[in-house]
Amino acid sequence: MTPDHIEESGCQHASRRRFLKQSAAAAAIALAPGAVVKAAEKGLDETAAGYFEKAKLQITVNGTSHELSVEPRVTLLDLLRETLHLTGTKKGCDWGQCGACTVHIDGQRALSCLSLAVMQQGKQITTIEGLSTGETLHPMQEAFIRHDGFQCGYCTPGQIMSAVACVREGHAGSATEIREYMSGNICRCGAYPNIVDAIMDVKKTGGTL
Amino acid sequence: MIPFDYARPSTAKAAIDAVVRDKSARFIAGGSNLVDLMKRGVMTPEKIIDINALPLRGIARTGKTIRIRALTLNSAVAADPVITERLPLLAQALKAGASPQIRNMATVGGNLMQRTRCPYFYDTALPCNKRAPGSGCSALNGYNRMHAIIGFSESCIAVNPSDMNVALAALDATVIVQGPKGERHIPIADFHRLPGNTPQLDTNLQRDELITAVEIPDAPGFATTSLYTKVRDRASYAFALVSVAAALHIENGSIRDARLAMGGIAHKPWRLRRTEDYIRRQQPSIRLFNNAALADLKEARGHGHNNFKLVLAPNTIAQTLRTLAGLA
């Protein structure tokens, strides 16, 4: 089956899927050893993916505008890490349960792992790399260091992005409120008390974040 | 994630036409549930229709109803002054759901369409009648601590995970949908379905219909005396074991009217009409509430791990009513 053949069939979406299924089945029969089948399927999967249209995307990340062409299945998280090489934003669960991938989209905190990049047309994204100014850390970053708000550090970029939003939203009025409004960021090292202290400290100091 | 195509129409008509034309196409709004399900291979649309360019945002008070358009974010609804003043029950339920990040992504229309969090529905290696009709229910004899105690069938014992839906059920909301043949108004009680032998269908929304708004009667009598109680395994960011949305209209020491619905116990938000009837025109008392709390749960039955809900459910109803009436 060639790409031309698929386009001729008229109903593009159905034939794309059929191509994938038939090709994978054919490969499985022809190449018996498991590893070979896996490799072949992966190869075919990539070939098949090529038939799905890439979409144009204009996105601004940390003040820099990017004109990109993306596959619709790419998440904002993968775009940031794999395409733009901004690896500060972390992939924890990748299922919207841990908050490690938290970024700001048009100033609002959101989970980049559950956001499709293609849906962010024209949006302004801020990641942990966009918080500091040159060598000068953001006040929230300073506070996390001062209060020892982490141990392994993997959840920290998400915690800090969420913490900045928490204060900006006006949800850092008390330790109880901070705990409620930081509940979307899991820390398996259990640095929670120090994270709450860091946020309270920034809130108390005031100033614009 | 398997590959798929993407389109972003700018009118509701174009969006509806797109799903009519393509049987494997699905709408996407916030994506906080659908993207997760697509990553795991539970849902595999070949095309997604991004409806975010449609003019479906905002909240308006018109006469005796409050209209929330479908793309309004959960966080925006929870913080809106019209909602916090006139429908605080809805604001409370929304704030009890998910996390701040997810509430910034999730829409009202999407929340109505949220799928169950039954772990067997998510695990494509195991049978599930909701995901693969006819394959069997793994939860029935599996680990069913989170599952339904009422309204379930042998096909499915999953529960609806939404907090917002419970408040909407108590508040007599109407879901407004648009399809190829025009607009349709669906009372919230008829929007979600019981599993029966078609658990693959969560709602009565047709495949080619788009939710455009939710309308809620503006009932000021309930505004000051309403409460959403959510019982869960951790203090925040967890799905409900059970939850109760309650609004009482108390006048001259007597309960003039009551609206009650429960979450975490069934495949749809469970309106507690018998409990409402039991306490209407009565004077609030602990005894009244304890008895009333059992009225809608006579048919309830556990599946082993979730037997605790048979006690937790009435206790949560009674405690919510006591708190509202100042008897706690």
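**Helix α4 of chain A (residues 76–83) and its buried residues, A:Leu76, A:Leu77, A:Leu79 and A:Leu80.** This is a predicted model, in which local features need pLDDT of at least 70 and side-chain atom pairs count only at pLDDT 80 or more, while totals for chains, interfaces and linings use all residues; side-chain values use heavy atoms, with hydrogens and water left out. As for labels, residues are numbered from 1 along each chain as its sequence is written, chains are lettered from A, and ligands are numbered from 1 in the order in which they are written. Here "buried" means under 20% relative accessible area, "exposed" means over 50%, and "partly exposed" is in between (1.4 Å probe, protein chains only). Helices (H or I, at least four residues) and strands (E, at least two) are DSSP runs, numbered from the N terminus. So what lies over those leucines? The cover for the buried residues of α4(A) includes β1 (55–61), β2 (64–70), β3 (102–105) and β5 of chain A, with contact meaning heavy atoms within 4.5 Å. Just after α4(A) comes A:His85, with a positive phi near 55°.

**The five-stranded sheet of chain A, an open one running β2-β1-β5-β3-β4.** Its pairing is mixed, and two strands pair if DSSP finds at least two bridges between them. Look to the edges and you'll find β2 and β4 (108–111) of chain A, each with a single partner strand, so one side of each has no neighbour in the sheet. From one strand to the next, the twist averages 40°. Axes behind such angles are lines fitted to C-alpha atoms, for helices over the stretch in contact, and angles run from 0 to 180 degrees between N-to-C directions.

**Inside that sheet, β3(A) and β5(A) pair antiparallel over two bridges.** Which residue of β5(A) is the bridge partner of A:Ile105? That's A:Ile125. Helix α4(A) packs on the sheet, where α4(A) touches β1, β2, β3 and β5 of chain A, and its direction makes about 75° with that of β1(A). Helix α6 of chain A (residues 156–168) packs on the sheet too, touching β3, β4 and β5 of chain A, with its direction at about 45° to that of β3(A).

**A nonpolar surface patch on chain A, built by A:Leu137, A:Ile145 and A:Phe150.** The patch comes to about 240 Å². Patches are made of residues with over 30% relative accessible area and no salt bridge, joining like charges within 9 Å and nonpolar side chains (Val, Leu, Ile, Met, Phe, Trp, Tyr) within 5 Å. The areas come from the Shrake-Rupley method with a 1.4 Å probe, and for residues only the protein chains shown count as cover. A:Leu137 sits in the loop between β5 (124–126) and α5 (139–146) of chain A. A:Leu137 counts as partly exposed because its relative accessibility is 34%.

**Over in chain B, four strands form an open antiparallel sheet, β9-β10-β11-β12.** The edge strands are β9 (226–231) and β12 (270–271) of chain B, each pairing on one side only. Strand β11 of chain B (residues 254–263) joins β12(B) through two bridges, with the two running antiparallel. Spot B:Met262, whose bridge partner in β12(B) is B:Trp270. Helix α5 of chain B (residues 88–96) packs on the sheet, touching β9 and β10 (242–251) of chain B, and its direction makes about 20° with that of β9(B). Helix α14 of chain B (residues 309–324) also packs there, touching β9, β10 and β11 of chain B, with its direction at about 30° to that of β10(B).

**B:Asp36 and B:Arg117 meet in a salt bridge, at 4.0 Å from N to O.** The two are 81 residues apart: B:Asp36 belongs to helix α2 of chain B (residues 34–39), and B:Arg117 to the loop between α7 (108–112) and α8 (119–122) of chain B. A salt bridge is a side-chain nitrogen of Lys or Arg within 4 Å of a carboxyl oxygen of Asp or Glu. Over all chains, the structure holds 25 of them. Is B:Asp36 buried or exposed? B:Asp36 counts as buried because its relative accessibility is 2%, whereas B:Arg117, at 27%, counts as partly exposed.

**B:Asp172 and B:Arg271 form another salt bridge, at 2.8 Å from N to O.** This pair spans 99 residues, from the loop between α9 (164–170) and β6 (174–179) of chain B, home of B:Asp172, to strand β12 of chain B, home of B:Arg271. B:Asp172 is partly exposed at 28% relative accessibility, and B:Arg271 is buried at 14%. Both belong to a salt-bridge network that also links B:Asp257, B:Arg259, B:Glu276, B:Asp277 and B:Arg280.

**B:Arg274 and B:Glu299 also meet in a salt bridge, at 3.2 Å from N to O.** B:Arg274 lies in helix α12 of chain B (residues 273–279), and B:Glu299, 25 residues apart from B:Arg274, lies in the loop between α13 (286–292) and α14 of chain B. With a relative accessible area of 37%, B:Arg274 is partly exposed.
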